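Here is a short set of exercises to work through with the model open beside you. Try each task before reading its solution.

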Amino acid sequence: MEEWLTQFCAQTNFPQPAQTALVCALAQVKVRGFAGIVADYWARRDTAATQNALTALAAETGIHLYTLWLLTLVMAAKPALDRVKSPQVFWATCQDLGYKARECWALHGVWGTFVAHWYPILYAGELFKLGRMEYQMSTCRLDAPVTAAGVTVRPGETVLQLHIPSSGEPFTLEARMDSYRQAWQFFHREKLVCLCSSWLLYPPYGQALPQGSHVRDFARDFTLLRQTQTPDFADGWRVFGRDWQRPVEELPENTTMQRGLKAYFCRGGMPGIGQGMLVFDGQRLLTRN
């Protein structure tokens, strides 16, 4: 297990402090039935059952639950590697574990992950990082057909969901186009068709950001299908870090996005999400406006 942990961290540019935390945790749990927990997770991808087992292990060892979850997910990647068609894409996708580890440290001061529910799709072979973006094979759960750039997606059809990992990589139009080209080639489609549901596509947020904002420009890649107000800004931690639940007037203003969204909320702006559809033909974004 130690050899695999070293290999995984090297292949995914894992944060060194997170690797140190996992090495220490592994030394304590490997003789406490931990291998069985990993094997069960890999076989069933039952997040609730694994959560129960790791909660008990955390109480027994004093290791934080988030750290144990991260260690479990890293170890479960070993049997997954044997089944992938493209090891290069698999390793790129596994970098997501490092992104989530940094988020966990920033929010909770723990090297681990607090979003274990996200990862069954990785081990089911349904998630792929291609360039800047991640693409998830899933079933369209819309309640009615949607059309953009002459392409229609219907409920129940297999569709690509587009996700934006917190990798810190450039988010320029050039970087996004490179990702769309990689995905178009990888999935062998005449047209790459993606759905995306994200706070990044909520028009009022974009309008709160300055011209030239890459986030604002990202929304132009899509035909907007709908926008929905939400009770709260559940993704606020992505912008404001561990301060995200403070009163609006006390939110930090260290970045352009923080300043823009703070001003928006101080004006009484409502939170929300947008849903869009992207169509790329290998050369052009047919939905870009």
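## Exercise 1: the buried face of H12

**Task.** Find which residues of helix H12 (residues 256-266) are buried, and which helices they pack against.

**Solution.** The buried residues of H12 are Met257, Gln258, Gly260, Leu261, Lys262, Tyr264 and Phe265. Buried means under 20% relative accessible area, exposed over 50%, and partly exposed in between, with a 1.4 Å probe and protein chains only. Helices (H or I, at least four residues) and strands (E, at least two) are DSSP runs, numbered from the N terminus. An α-helix has 3.6 residues a turn, so residues three or four places apart point the same way. Next, look at the partners: the buried residues of H12 pack against helix H9 (203-207), helix H10 (214-218) and helix H11 (236-240). Contact here means heavy atoms within 4.5 Å. After H12 comes Gly268, with a positive phi near 95 degrees.

A word on the model: it is predicted, so local features need pLDDT of at least 70 and side-chain atom pairs count only at pLDDT 80 or more, while totals for chains, interfaces and linings use all residues. Residues are numbered from 1 along each chain as its sequence is written, and side-chain values use heavy atoms, with hydrogens and water left out.

## Exercise 2: the sheet

**Task.** Work out the strand order of the open sheet of 6 strands, and say which strands lie at its edges.

**Solution.** Start with the order, which is E1-E2-E5-E6-E8-E7, with mixed pairing. Two strands pair if DSSP finds at least two bridges between them. The edges are strand E1 (127-130) and strand E7 (223-229), each of which pairs on one side only. On average, neighbouring strands of this sheet are turned by 25 degrees against each other, direction ignored.

Now follow the pairing from E1. This strand runs antiparallel to E2, and 4 bridges join the two; Leu130 has Met133 in E2 as its bridge partner. The hairpin of E1 and E2 has 2 residues between the strands, and Gly131 takes a positive phi near 70 degrees there. Further on, strand E2 (residues 133-139) is joined by 6 bridges to strand E5 (residues 158-163), again antiparallel, with Glu134 partnered by His163 of E5.

Finally, check the side chains of E1: Leu127 and Lys129 point one way, Phe128 and Leu130 the other way, and all are buried. Helix H6 (residues 87-108) lies across E1 and E2, at about 95 degrees to E1. Helix H8 (residues 173-186) lies across E1, E2, E5, strand E6 (192-198) and strand E8 (272-280), running at about 40 degrees to E2.

## Exercise 3: H5 against H6

**Task.** Describe how helix H5 (residues 65-81) and H6 are arranged relative to each other, and what kinds of residue make up their contact.

**Solution.** The two axes come within 11 Å and cross at roughly 180 degrees. Axes are lines fitted to C-alpha atoms, for helices over the stretch in contact, and angles run from 0 to 180 degrees between N-to-C directions. Angles under 35 degrees count as roughly parallel, over 145 as roughly antiparallel, 65 to 115 as roughly perpendicular and the rest as oblique. H5 and H6 are therefore roughly antiparallel. Among the contact residues are Leu70, Leu73 and Val74 of H5, and Phe90, Trp91 and Leu97 of H6. By type, the contact has 14 nonpolar residues, 1 polar and no charged; Ala, Val, Leu, Ile, Met, Phe, Trp, Tyr, Cys and Pro count as nonpolar, Asp, Glu, Lys and Arg as charged, and the others, Gly among them, as polar.

## Exercise 4: the cores

**Task.** Identify which members of the largest nonpolar core touch the most other members, and which helix gives the most residues to this core.

**Solution.** A nonpolar core is a set of buried Ala, Val, Leu, Ile, Met, Phe, Trp, Tyr and Cys residues joined through side-chain atoms within 4.5 Å. Of the 44 residues in the largest one, Phe8, Phe14, Phe34, Val74, Leu97 and Tyr123 touch the most other members. H5 gives the most to this core, with 12 residues. A second, separate core of 36 residues includes Val89, Leu160, Phe218 and Leu251.

## Exercise 5: a positive phi

**Task.** Is His188 buried or exposed?

**Solution.** His188 sits in the loop between H8 and E6. Its phi is near 55 degrees, a positive value in a residue other than glycine. With a relative accessible area of 71%, His188 is exposed.
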